[in-house]
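Trainee: I would like to learn how to read a structure that I have not met before. Could we go through it together, one feature at a time?

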Amino acid sequence: MANEMYGSQENISAVGGTSEDYMRLEEKLQTAKAHLSEEEFIQFMDLMKQMGQMALKNADQQGEMHPEQWSVTQQTEFNRLTAELEPFFEKLEAASADSPKEPKDQEQFWKEQLAMAETKFSKEQFTEFKSLYEQMKQYEAMVMDQDGNMHEERLSAEQKEELKQVREQIFPFLEKLGLDVRKPGE
C-alpha cells in the first residue's frame with residue numbers, strides 16, 4: 001500500500017525516508033485498512049496518495065516538508081489535505097487507543113511475518129523466503145546509517161542489481177502473506 005502512495009520504496013529513500021519508515025507506513029496503512037470501512041479506506045488512500053505525491057515534490061533531503069516556504073496554491077492544497085485527513089487520523093488514533101496491542105517495531109513486524117510464513121509456506125518456500133529476507137537485511141546494514149538514512153549509492157552496480165533481484169523475488173512471498181506490495185516500477 002505504501003507503494004501506491006510513493007510509487008516505490010526507492011522514491012521514499014530519495015526524499016530521506018528509510019526502509020524502516022517505509023515499513024512503518026505500510027503497517028499504519030494495514031491498520032487503517034483493518035479499522036476503516038471499505039468506502040472510508042478508499043477515500044483515505046486517495047488523500048494519502050495526494051499527500052505522498054506532495055511530499056515527493058516538496059520534501060527536503062531529510063524528508064521534511066516546509067509548507068510555509070511554498071506558494072499560496074501549494075499551501076492551500078496542503079491545508080485542504082491535512083483537514084480532510086484529520087477525521088481519519090482521529091478515528092485511527094481512537095481505534096489504536098482501544099487496542100491493547102502496542103505498535104510493532106520493524107523487527108517485531110518481521111518476526112511475525114517470518115512466523116506466519118513458516119505456517120503458510122512449504123518448507124522449501126519458507127527456506128527461500130528466509131534467505132531473501134536475510135539478504136535484504138545484509139544490504140540494509142550496508143546502506144543504512146545509525147540515524148536510519150539510506151545510502152544506496154554505497155553499493156556497487158553489481159550489488160544494486162543483486163538488491164533489485166532480491167526485491168523482485170521477495171515480493172510474491174510478501175503478497176502471499178497478505179501484504180499489499182507493488183513491484184518497483186509499477
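Trainee: Which residues are buried in α7?

Mentor: Before I answer, please keep in mind that this is a predicted model. In α7 the buried residues are F126, F129, L132, Y133, Y139, E140 and V143. When we look down the axis of α7, these buried residues fall within an arc of 150 degrees, so they line one face of the helix. On the face of α7 turned away from that buried side we find the exposed residues K123, E124, Q138 and A141.

Trainee: How many residues does α7 have, and what span should they give at 1.5 Å a residue?

Mentor: There are 21 residues in α7, which should span 30 Å, and the end C-alpha atoms are 31 Å apart, in agreement with that expectation. Helix α4, which covers residues 38–58, can be read in the same manner: with 21 residues, α4 reaches 30 Å from its first C-alpha to its last, close to the 30 Å expected. The buried residues of α4 include F41, F44, M45, L47 and M48, and G52 and N58 are also among them.

Trainee: How many helices and how many strands does the chain have?

Mentor: The chain has eight helices and zero strands, and its pattern, followed along the sequence, is α-α-α-α-α-α-α-α. Of the 186 residues in the chain, 38% count as buried. It also helps to ask how far apart in sequence the contacting residues are: if we take the contacts between residues at least 6 apart, 63% of these join residues at least 24 apart.

Trainee: How should I read a nonpolar core, and which residues touch the most other members in the largest one?

Mentor: The general idea is that in soluble globular proteins, nonpolar side chains tend to be buried together. Here the largest nonpolar core has 18 residues, and those that touch the most other members are W110, A117, F121, F129, I170 and L174. At least two residues of this core are supplied by each of α3 (19–35), α6 (106–120), α7 (123–143) and α8 (157–176), and the largest share, five residues, comes from α8. Another core, of 17 residues, lies apart from this one, and L29, F41, W70 and L92 are among its members.

Trainee: With which residues is A117 in contact, leaving aside its neighbours within four places in sequence?

Mentor: With those neighbours set aside, A117 is in contact with F126, F129 and L177.

Trainee: What is the general idea of a salt bridge, and how many does the count come to?

Mentor: Side chains of opposite charge can pair when their charged atoms come close. In this structure the count comes to three salt bridges. One of them joins K91 and E40, whose closest N and O atoms are 2.9 Å apart. This pair links distant parts of the chain, since K91 belongs to helix α5 (residues 72–98) and E40 to helix α4, with the two positions 51 residues apart in sequence numbering. K91 counts as partly exposed, at 38% relative accessibility, and E40 is likewise partly exposed, at 24%.

Trainee: Which residues do salt bridges with shared partners join into one network?

Mentor: Let us take the bridges one by one. The side chains of R80 and E77 meet at 2.6 Å, N to O, and both residues lie in helix α5, three residues apart, which is about one turn of the helix. The side chains of R80 and E84 meet in a salt bridge at 2.8 Å, N to O, and because R80 and E84 are four residues apart in helix α5, about one helical turn separates them. R80 is partly exposed, with a relative accessible area of 30%, while E77 stands at 28% and E84 at 31%, and these two also count as partly exposed. Through the shared partners, E77, R80 and E84 are joined into one network.

Trainee: How many aromatic pairs does a search of the whole structure find?

Mentor: In general, a pair of aromatic rings is described by the distance of the centres and the angle of the planes. The search finds six aromatic pairs in the whole structure, and F44, F88 and F89 form one aromatic cluster.

Trainee: Is A95 buried or exposed?

Mentor: A95, which is found in helix α5, counts as buried, at 15% relative accessibility. The C-alpha atoms of A95 and L36 are separated by 9.6 Å, although these residues are 59 residues apart along the chain.

Definitions and conventions. Residues are numbered from 1 along each chain as its sequence is written. This is a predicted model: local features need pLDDT of at least 70, side-chain atom pairs count only at pLDDT 80 or more; totals for chains, interfaces and linings use all residues. Side-chain values use heavy atoms; hydrogens and water are left out. The expected span of a helix is 1.5 Å times one less than its number of residues. Buried means under 20% relative accessible area, exposed over 50%, partly exposed in between (1.4 Å probe, protein chains only). A nonpolar core is a set of buried Ala, Val, Leu, Ile, Met, Phe, Trp, Tyr and Cys residues joined through side-chain atoms within 4.5 Å. Contact means heavy atoms within 4.5 Å. A salt bridge is a side-chain nitrogen of Lys or Arg within 4 Å of a carboxyl oxygen of Asp or Glu. The arc is that of the directions from the helix axis to the C-beta atoms. Rings of Phe, Tyr and Trp (its six-membered ring) pair if their centres lie within 6.5 Å; planes under 30 degrees apart count as stacked, over 60 as edge-to-face and the rest as tilted.
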